[in-house]
Amino acid sequence: MAIPQLNLSLLAGLTPEEHEVKIVEEVFDETIDFDQDVDVVGISIMTQTAIRGYEIANEFKKRDKIVIFGGIHATVLPKEAIKYGDAVVIGEAENGLWEQVLNDIKTYSLKEFYKLDQYPQLSHYIAPRRDLIRTSAGKFKIVPIETGRGCPYKCDFCTVPTSFGTKQRHKSIDFILKDIESIKEKHLFFIDDNVTINKKYAKELFERMIPFKKNWVGQASINIVNDKELMKLAQKSGCKGLLIGFESMTETGLCKYKKTFSTFEENVAAVKKLQDNGIQTMASFVFGLDDDTPRVFDNTFNFIQKAKPAFLQACSLTPYPGTQVFDRMKQEGRILTDDWSQFDAKKVIISPKNMTPDELQDGYSRIKDQTYSYKSILSRAFPHMFSGVTEAILYFSLNYGARKWHKSGLTASVYKNKKEMPVDFDVTKYVTPVKKTVLV
């Protein structure tokens, strides 16, 4: 399930009506026509898509097109992105910033970098152009939606604090309901990093969502179980599953990130509370943290066996640019490749602190073998099978999809640069920039 994204449709919603907009989502195998008649090309890149984004930019630069970069990777490494484009939008594009870029193109005064002085407060309604994007994930019709941006949890491996800030900013609930009312699809995906962190706001939102009779999934912290009213309202509003970032099942990890309960048993009980309220848990873990030893894999699988979460999101620690982990590991020489296309959280690309890269790879592969085995999928199914047809379909789709990806072997070995290829984070050795267009 490749969850549809919202950013390009929001950008299209910000674009003045005088401009014709077309969105191509290559992640869904849509084909780019490099010879199409366009005036401006906007490319949004995450770290793992950056090199492909630069290749796309080169093709359009060969045809003398104006290329604008945005997205998280361009935000944290704007001086890299500008080598391949004419301008970079750093951060969010609201508050007139995108309109300024377009106007500067019209008046031949385009600058290299555009950035707001402060994070936008999301106080103006923007109607996303969902008619221009894919609104499905696999066989599911599912629509992306957001309530706000920013996250107060300062996880050292996460790009959100750098890109969106540590203070959560919310849209008006009236705006969100207006958005939901315009969506004909039954299923929603809240792209917020934590949709329940402001409990008062979440309670009002969920209560007012009930009449729309939508189903939704999103991300939250496990402490939602401490508020029975919030948990009940989430379920009544259509919540079918929550991605919970447990991050680590070591004693140090449970305390360090302050996103979970402090003991193994408390977290097991919390997952069962969500199950009892008809909400599936998609448990997310990061392997290769500095406090991890080879024991972390057995601890985590023990948790999975006892708590029976609906799904495991197993991430290999990936040092994304713009994070504390990247800065620390780069300084210590522990990053094994600077090929951004490998930074997908599914490959071992680091030297961990308390085990070898091969031990990390072996443990990472083993826990996915265990969790995505038919035996494990069936043993965890019982709390979820009888919640409803939608829940059962969601459960088996997620697990069999993850099993299929894992069995493909694409993440089966440590990835590192060849000896003759230095890890110097000079992306031009992977993609040579094409000469820019001169705007006159």
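**Exercise 1.** Q361 is located in helix α14 (residues 357-371); determine whether Q361 is buried or exposed, and state which residues Q361 touches.

*Solution.* The model is predicted, so local features need pLDDT of at least 70 and side-chain atom pairs count only at pLDDT 80 or more, while totals for chains, interfaces and linings use all residues. Residues are numbered from 1 along each chain as its sequence is written, and side-chain values use heavy atoms, with hydrogens and water left out.

Step 1. Helices (H or I, at least four residues) and strands (E, at least two) are DSSP runs, numbered from the N terminus.

Step 2. The relative accessible area of Q361 is 4%. Q361 is therefore buried (buried: under 20%; exposed: over 50%; partly exposed: in between; 1.4 Å probe, protein chains only).

Step 3. Residues up to four places away in sequence are not counted; Q361 then touches V348, T411, A412, S413 and V414 (contact: heavy atoms within 4.5 Å).

**Exercise 2.** Describe the aromatic pair of F264 and F303, and explain which parts of the chain the pair ties together.

*Solution.*

Step 1. Rings of Phe, Tyr and Trp (its six-membered ring) pair if their centres lie within 6.5 Å; planes under 30 degrees apart are stacked, over 60 edge-to-face and the rest tilted. This rule gives 21 aromatic pairs.

Step 2. For F264 and F303, the centres are 5.9 Å apart and the planes make an angle of 85°. The pair is accordingly classed as edge-to-face.

Step 3. F264 belongs to helix α11 (residues 264-276) and F303 to helix α12 (residues 295-307), so the pair links parts that are 39 residues apart in sequence.

Step 4. Both rings belong to buried residues: F264 has 18% relative accessibility, and F303 has 0%.

Step 5. F264 and F303 are also members of one aromatic cluster, together with F246, F285, F287, F297 and Y364.

**Exercise 3.** Describe how α11 packs on α12, and then how α8 packs on helix α9 (residues 228-236).

*Solution.*

Step 1. Two packed helices are described by the angle between their axes and the distance between the axes. Axes are lines fitted to C-alpha atoms, for helices over the stretch in contact, and angles run from 0 to 180 degrees between N-to-C directions.

Step 2. The axes of α11 and α12 come within 9 Å and cross at roughly 35°. This crossing is right-handed (near helix turned clockwise from the far one by less than a right angle; left-handed if anticlockwise).

Step 3. On α11 the contact involves F264, N267, V268, V271, K272 and Q275, and on α12 it involves N299, N302, F303, K306 and A307. By class there are five nonpolar, four polar and two charged residues (nonpolar: Ala, Val, Leu, Ile, Met, Phe, Trp, Tyr, Cys and Pro; charged: Asp, Glu, Lys and Arg; polar: the others, Gly among them).

Step 4. The axes of α8 and α9 come within 8 Å and cross at roughly 35°; the crossing of α8 and α9 is left-handed.

Step 5. K199, A202, K203, F206 and E207 of α8 meet E229, L230, L233 and A234 of α9. The contact of α8 with α9 comprises five nonpolar, no polar and four charged residues.

**Exercise 4.** Locate A310 and F113, and list the contacts of A310 and of F113.

*Solution.*

Step 1. A310 lies in the loop between α12 and β13 (311-316) and is buried, with a relative accessible area of 0%.

Step 2. From A310 to T281 the C-alpha distance is 5.4 Å, although these residues are 29 apart in sequence. With neighbours within four places in sequence left aside, A310 is in contact with Q280, T281, R380, H384, Y395 and N399.

Step 3. F113 is in strand β4 (residues 113-115) and is partly exposed, at 32% relative accessibility.

Step 4. F113 and P78 are 35 residues apart in sequence, and their C-alpha atoms are 7.8 Å apart in space. With neighbours within four places in sequence left aside, F113 is in contact with P78, K79, I82, V88 and I90.

**Exercise 5.** What is the sign of phi in D29 and in K213, and is each residue buried or exposed?

*Solution.*

Step 1. Most residues other than glycine have a negative phi.

Step 2. In D29, phi is positive, near 65°. D29 lies in the loop between α1 (7-14) and β1 (40-44) and is exposed, at 70% relative accessibility.

Step 3. In K213, phi is positive as well, near 55°. K213 lies in the loop between α8 (199-209) and β10 (215-220) and is exposed, with a relative accessible area of 62%.
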